[in-house]
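Colleague: I am new to this structure and would like a close look at a single part of it. Please choose one helix, set it within the whole chain, and then follow the chain back to what comes before it.

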Amino acid sequence: MLKIGNVSFLNSFPFQYGLTRTENFQVEMLVPSEIAKALENDTIDVGLVPVASYIKHPNWQLVSDFCIGAVGEVRTVILVSKKPVLEIDTIGYDLDSRSSNLLFRVLAAHYWKIKPREVVENADACVMIGDKTFSNLPKEYRFRYDLSLEWFNFQKLPFAFAVWVSNKKLCSEITDRINETMMFGVNHIEESVICFSKNLPVTHAEALRYLKENISYPLDSQKKTAIKRFAELSFGLADT
């Protein structure tokens with residue numbers, strides 16, 4: 001049975017809904033960075049991995065026409081800061097992420113032209129991803145920057161945060177089944193929210209608005225172009 005790693009965030013509920021409709025896959029729920037490690041360690045076969053991990057593994061293969069992406073504001077990948085971004089001297093990273101941390105590094109180096117020093121505590125600013133960004137943040141973080149929107153302003157491109165990949169070659173029958181599973185979930189967003197209503201980090205209406213208006217699931221040509229551009233701009237930058 002194929003082992004699949006899925007992300008345990010609201011934005012992956014449609015994918016998880018699709019996966020619950022089939023008995024062909026064994027699914028493990030993880031945070032993005034853990035899925036990448038599981039693929040690297042070959043404990044799963046397919047995973048929804050951070051794009052930062054995908055671009056560092058040329059042997060990994062895309063297995064779906066769907067992703068976790070955004071065209072402009074995404075709301076759940078943010079930089080919270082005590083200072084305006086151009087005044088940031090120290091930065092803290094989100095251990096759940098790879099793509100978002102690297103996206104900050106790209107924006108810092110090429111867009112904002114700043115060189116903040118990484119620290120573990122008392123940082124001027126912090127990268128935050130996932131459902132925790134829906135919560136009220138400490139008052140000292142007076143500034144909030146949506147990293148997907150900042151990328152769009154910088155490159156005029158959407159962004160793909162996570163993509164479905166395998167760490168081995170799969171036959172077309174399996175990849176077709178994976179793609180059909182993801183398509184089913186994306187086409188049934190409202191049902192997915194109802195199915196996982198006990199795990200919603202926001203209200204039902206807010207969850208629907210977020211999934212339909214902020215998350216862009218198709219892995220289209222624009223997002224593939226964005227992945228290539230991201231790979232180029234991130235070359236030589238450390239991955240956290």
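Modeller: What follows goes from the whole chain to one helix, and then to the residues ahead of it.

This is a predicted model, in which local features need pLDDT of at least 70 and side-chain atom pairs count only at pLDDT 80 or more, while totals for chains, interfaces and linings use all residues. Residues are numbered from 1 along each chain as its sequence is written, and side-chain values use heavy atoms, with hydrogens and water left out.

The protein chain holds nine helices and eleven strands, where helices (H or I, at least four residues) and strands (E, at least two) are DSSP runs numbered from the N terminus. Its radius of gyration, taken over C-alpha atoms, is 17 Å, close to the 18 Å that the globule rule (2.2 Å times the number of residues to the power 0.38) gives for 240 residues, so the chain is as compact as a globular protein of that length. Of the 240 residues, 56% are buried, where buried means under 20% relative accessible area, exposed means over 50%, and partly exposed lies in between (1.4 Å probe, protein chains only). Among contacts (heavy atoms within 4.5 Å) with a separation of 6 or more, 80% join residues 24 or more positions apart.

The part I have chosen is helix H9, which runs over residues 221-234. Helix H9 has 14 residues and reaches 20 Å from its first C-alpha to its last, close to the 20 Å expected at 1.5 Å a residue, the expected span being 1.5 Å times one less than the number of residues. Which residues of H9 are buried? They are Lys-223, Ala-226, Ile-227, Phe-230, Leu-233 and Ser-234. These buried residues lie on the same side of H9, because they cover an arc of only 135° around the axis, the arc being that of the directions from the helix axis to the C-beta atoms. An α-helix has 3.6 residues a turn, so residues three or four places apart point the same way. On the face of H9 turned away from the buried side are the exposed residues Ser-221, Lys-228 and Glu-232.

The cover over the buried residues of H9 includes helices H3 (51-54), H4 (99-112) and H5 (147-155), together with strands E4 (61-70), E10 (159-166) and E11 (216-218). After H9 comes Gly-236, whose phi is positive, near 90°.

Going back along the chain, Ile-215 lies in the loop between H8 and E11, and with a relative accessible area of 5% Ile-215 is buried. Apart from neighbours within four places in sequence, Ile-215 is in contact with Asn-11, Gly-69, Val-74 and Tyr-210.

Asn-214 belongs to helix H8 (residues 204-214) and is likewise buried, at a relative accessible area of 6%. The side chain of Asn-214 makes a polar contact with the side chain of Arg-75 (3.3 Å); a polar contact is a pair of N or O atoms within 3.5 Å, and within protein one must be able to donate a hydrogen and the other to accept it, with residues adjacent in sequence counting only if both atoms are side-chain atoms. Beyond the neighbours within four places in sequence, the residues in contact with Asn-214 include Gly-69 and Ala-70, and strand E4, part of the cover over H9, spans 61-70.
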